[in-house]
Amino acid sequence: MNIFRLTGDLSHLAAIIILLLKIWKTRSCAGISGKSQILFALVFTTRYLDLLTSFISFYNTIMKLIYIGCAYATVYLIYMKFKATYDGNHDSFRLEFLVVPVGGLACLVNHDFSFLEILWTFSIYLESVAILPQLFMISKTGEAETITTHYLFFLGLYRALYLFNWIWRFYFEGFFDMIAIVAGVVQTILYCDFFYLYVTKVLKGKKLSLPA
């Protein structure tokens, strides 16, 4: 495992932990898009079904179980435990506008037309746009809490580091996965404006806001 993948995984894990701690400590999921969290739970579920069919490594298995468990724990906290604090009025992005096209694309463009491979491809495509409901929610409310922006930063950092992981693997291993790379580039682009605002505002102690 190269340093980019390891730090990418740790950034991803940090993002998830930050979000869970934010919700648990404040006893509130205000400002968090439940719809984005549903999409991430769907991403991990469809991607890691290979847990039932193959074993890669102890590290790989543990990380997959953590991602799945934390994703569903987050959804539970938002829609059950702290449901009264959930802002459903602003979290109004239509999930079918993402899930249906992504499902169709996964069936058309994949490495192998098999059940698990199509679900894996679906998860890759869906992850690239899963953050859109969260960004849409911030745009509607006009601002985001600092802790939420830290969550988004580490989530974006994870994806950016994975792009370097793909470059590393191509250079040293000759491995090249066009589907994963293109989806990763799309996801990173979605974070570009956020990264700029994070550096110019949040790191200077200002509140992050997006054009409403």
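**View 1. One cavity of 30 Å³ or more sits in this predicted model.** The volume of the largest cavity is about 90 Å³. Its lining is made by H12, I16, L19, Q37, F40, F44, Y67, C70, A71, T74, Y151 and L155. Helix 1, helix 2 (34-47), helix 3 and helix 7 each give two or more residues to that lining. Helix 3 provides the largest share, 4 residues. What kinds of residue line the largest cavity: nonpolar, polar or charged? The lining divides into 9 nonpolar and 3 polar residues, with no charged ones.

**View 2. The largest pocket encloses about 710 Å³ of space.** A set of 30 residues lines the largest pocket. Nearest its centre lie R5, R47, N60, W120 and Y162. Five elements are listed as giving two or more residues to the lining: helix 1 (3-26), helix 3 (58-81), helix 5 (115-129), helix 7 (146-173) and helix 8 (178-200). Which helix gives the most to this lining? Helix 7 does, with 6 residues. By type, the lining of the largest pocket holds 14 nonpolar, 6 polar and 10 charged residues.

**View 3. The largest nonpolar core has 55 residues.** In soluble globular proteins, nonpolar side chains tend to be buried together. Here, the residues with the most contacts inside the core are I23, F40, F44, L126, I131, Y151 and L155. At least two core residues come from each of helix 1, helix 2, helix 3, helix 4 (96-108), helix 5, helix 6 (132-141), helix 7 and helix 8. Helix 8 gives the most, with 8 residues. F40, F44, Y151 and L155 appear both among these core residues and in the lining of the largest cavity.

**View 4. I23 is one of the residues with the most contacts inside the largest nonpolar core.** What does I23 touch, leaving aside residues up to four places away in sequence? The partners are S28, C29, T74, L77, I78 and F82. One of them, T74, also lines the largest cavity.

**View 5. Confidence in the chain averages a pLDDT of 90.** A score of at least 70 is reached by 95% of the residues. Where is confidence lowest, and where is it highest? Helix 8 is lowest, at a mean of 83. Helix 2 is highest, at 97. Helix 8 is also the element that gives the most to the largest nonpolar core. Helix 2, for its part, gives two or more residues to the lining of the largest cavity.

Definitions and conventions:
Residues numbered from 1 in each chain as written. Predicted model: local features only at pLDDT ≥ 70, side-chain atom pairs only at ≥ 80, totals over all residues. Heavy atoms only, no water. 1 Å grid on protein atoms, 1.4 Å probe; cavity = no way out; pocket = protein on both sides within 12 Å on 5 of 7 lines; lining within 4 Å. Points joined across faces, edges and corners; volume = space filled by probe spheres on them. Nonpolar A, V, L, I, M, F, W, Y, C, P; charged D, E, K, R; others polar. Core = buried A, V, L, I, M, F, W, Y, C linked by side-chain atoms within 4.5 Å. Buried < 20%, exposed > 50% of the residue type's maximum accessible area, 1.4 Å probe, protein only. Contact = heavy atoms within 4.5 Å. pLDDT = per-residue confidence, 0-100.
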